[in-house]
Amino acid sequence: MEKKITKEVTEIFFTSKKDATYSLIFWGTVVFVFFSILLSFSLTVPGIIIGIIGLMAIGFMLWIWFGTGYRIENHVIKIKNGPFRSEIAIQDINSIGKTKSLMATPALSVERLTLRYGKYSEMLLSPKNEKEFVELLLAKNPQIKLIEKTS
């Protein structure tokens, strides 16, 4: 049975897709920082400060890893990337295309969607259920153009 996406859907959350490239970079960095703290830890003031900073960096990275997603509420996409928040009005979206990028954006996958909105703005996102995400945006704004590949 196929689910029908309609304009009336008021709220749905999409987690970010997480691919092998980002997983390797992310978890490799977390493990590196953690073992660096363990190997260089000392009960001196500089050692404790370095340990605290390292643990805060790991906490920040985990917040981004587990806290990146996109909530469609009524006519707005609310984007969460750890502590960072932004919004895009769905009516302002001009086009959606696919791209591959390592650029720092609220996306945890190399394979991303490029949302162009307003006059010159764009946002790269990587919803786990990409097809449903795009269908919902199109149901709310049928004027959005789908572009085969943006780069």
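Here is a short chat about how a few features of this predicted model get their labels.

Guide: Local features need pLDDT of at least 70 and side-chain atom pairs count only at pLDDT 80 or more, while totals for chains, interfaces and linings use all residues. Residues are numbered from 1 along each chain as its sequence is written, and side-chain values use heavy atoms, with hydrogens and water left out.

Visitor: Why is E130 called buried?

Guide: Buried means under 20% relative accessible area, exposed over 50%, and partly exposed in between (1.4 Å probe, protein chains only). E130 has 16% relative accessibility, so it counts as buried.

Visitor: And what makes K98 partly exposed?

Guide: K98 has a relative accessible area of 45%, which is between the two cut-offs, so partly exposed it is.

Visitor: How do you know that E130 and K98 meet in a salt bridge?

Guide: The rule asks for a side-chain nitrogen of Lys or Arg within 4 Å of a carboxyl oxygen of Asp or Glu. For E130 and K98 the N to O value is 3.1 Å, so the pair passes. The two sit 32 residues apart, with E130 in helix α3 and K98 in strand β5 (residues 93-100).

Visitor: What about D19: why does it have no salt bridge?

Guide: D19 is buried, and the nearest side chain of opposite charge, R112, is 7.2 Å away. Lys and Arg count as positive and Asp and Glu as negative; His and the chain ends are not counted. Since 7.2 Å is not within 4 Å, D19 and R112 make no salt bridge.

Visitor: Then what makes D19 and S109 a polar contact?

Guide: That takes a pair of N or O atoms within 3.5 Å; within protein, one must be able to donate a hydrogen and the other to accept it, and residues adjacent in sequence count only if both atoms are side-chain atoms. The side chains of D19 and S109 are at 3.2 Å, so they fit. D19 also caps the N-terminal end of α1, with a side-chain oxygen 3.4 Å from the backbone nitrogen of T21.

Visitor: How do you know that the span of α1 agrees with what it should be?

Guide: The expected span is 1.5 Å times one less than the number of residues. With 21 residues, α1 should span 30 Å, and its end C-alpha atoms are 29 Å apart, which agrees.

Visitor: Which residues of α1 are buried, and why are they said to be on the same side?

Guide: They are Y22, F26, V30 and I37. They cover an arc of only 50 degrees around the axis, which puts them on the same side of α1. The arc is that of the directions from the helix axis to the C-beta atoms.

Conventions:
Helices (H or I, at least four residues) and strands (E, at least two) are DSSP runs, numbered from the N terminus.
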